[in-house]
Amino acid sequence: YTHVPEWRSVKAKAPVEYPEVGLYHPDLPDMHITTDLARLPLRGDGPTIGILMLRSYILAGDTAHYDHVIRTFEARGCRVIAGFAGGLDGRPAIEGYHMGRVDALVSLTGFSLVGGPAYNDSDAAVAALKALDVPYLNAQPLEFQTLAQWAGGGQGVSPIETTMLIALPELDGATNPTVFAGRHGPDGCSHCPTPCLSRSGVKAMAPCPERIDALVDKAMRLGQLRRKRN
């Protein structure tokens, strides 16, 4: 026989609700997210760059790779509108925050615009991107190998990465596929300038600074070209 103590009432904090669709910036307080475009610290007089991110990375605090992209664009004088949407569809973020406001759109998800890693609805993506009518660039974090394996291997991205992270976004209309981040292996990352643990303490994504520099340069040139007169 085991004595079972009487139930005691426990006061718990109310659950925290996070928006399904919103904006991210590393300078915002707390979780660095908002649904109000007016709260974004829009700086610079260069092209306005829209960014698409995965909500799951943001809620996990695994954002070093996103932060580096945003900071690099801003250092070059760009205004950045970085949005996210829950589920597997990036269109709500585009419709809510990017439409009519950006000169180029960069997806950092690495996946299809509509369908994410699960499926690809290219017809819906093409319709959304036609309505947006700006250059659409694709950048992917390595999801199936470490940065060391990718850098030291002769193959580059694997067949599954080629399919999911490059070919399917290309069907949507994405261009300039660029590896911009990945995780380090068990040997650590003493050469990496950014932390390799997220706020939750798990192994985190790390940026590839030289690849991000190239991505930013391409996006800026396309954004500037869109502003020029014929």
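A pocket is an open set of points on a 1 Å grid over the protein atoms alone, with protein on both sides within 12 Å along at least five of seven lines, where a 1.4 Å probe fits; its lining residues have an atom within 4 Å of a point. Grid points are joined across faces, edges and corners, and a volume is the space filled by probe spheres set on the points.

The model is predicted, with local features needing pLDDT of at least 70 and side-chain atom pairs pLDDT 80 or more, while totals for chains, interfaces and linings use all residues. Residues are numbered from 1 along each chain as its sequence is written, and side-chain values use heavy atoms, without hydrogens and water.

**Exercise 1. Describe the largest pocket and its lining.**

Step 1: begin with the volume, which for the largest pocket is about 270 Å³. The lining consists of 21 residues, and those closest to the centre are Leu54, Ala85, Gly87, Leu88 and Thr109.

Step 2: ask which elements supply the lining, where helices (H or I, at least four residues) and strands (E, at least two) are DSSP runs numbered from the N terminus. Strand 3 (48-54), helix 1 (55-59) and strand 4 (79-85) each give at least two residues, and the largest share, 3 residues, is that of strand 3.

Step 3: sort the lining by residue class, counting Ala, Val, Leu, Ile, Met, Phe, Trp, Tyr, Cys and Pro as nonpolar, Asp, Glu, Lys and Arg as charged, and the others, Gly among them, as polar. The result is 11 nonpolar, 8 polar and 2 charged residues.

**Exercise 2. Place strand 5 in the sheet and find its partners.**

Step 1: write down the strand order, taking two strands as paired if DSSP finds at least two bridges between them. The sheet is open, has 8 strands in the order 2-1-4-3-5-6-7-8, and shows mixed pairing; strand 2 (33-34) and strand 8 (206-207) are its edge strands, each pairing on one side only.

Step 2: follow strand 5 (residues 104-107) to each partner. With strand 3 the pairing is parallel over 4 bridges, in which Ile49 has Ala104 as its bridge partner and Leu52 has Ser107. With strand 6 (residues 136-141) the pairing is also parallel, over 3 bridges, and Val106 stands opposite Leu137.

Step 3: consider the side chains, remembering that in a regular strand they alternate between the two faces of the sheet. Ala104 and Val106 point one way from strand 5, whereas Leu105 and Ser107 point the other way, and all are buried (under 20% relative accessible area; exposed is over 50%, partly exposed in between, with a 1.4 Å probe and protein chains only).

**Exercise 3. Is His65 buried or exposed, and what about Arg76?**

Step 1: locate His65, which belongs to helix 2 (residues 64-75). His65 counts as buried because its relative accessibility is 0%. Leaving aside neighbours within four places in sequence, its contacts (heavy atoms within 4.5 Å) include Tyr57, Phe180 and Met205.

Step 2: turn to Arg76, in the loop between helix 2 and strand 4. Arg76 counts as partly exposed because its relative accessibility is 40%. Not counting residues up to four places away in sequence, Arg76 touches Val216, Asp217 and Met220.

Step 3: check a distance along and across the chain: Arg76 and Gly46 are 30 residues apart along the chain, and their C-alpha atoms are separated by 7.8 Å.
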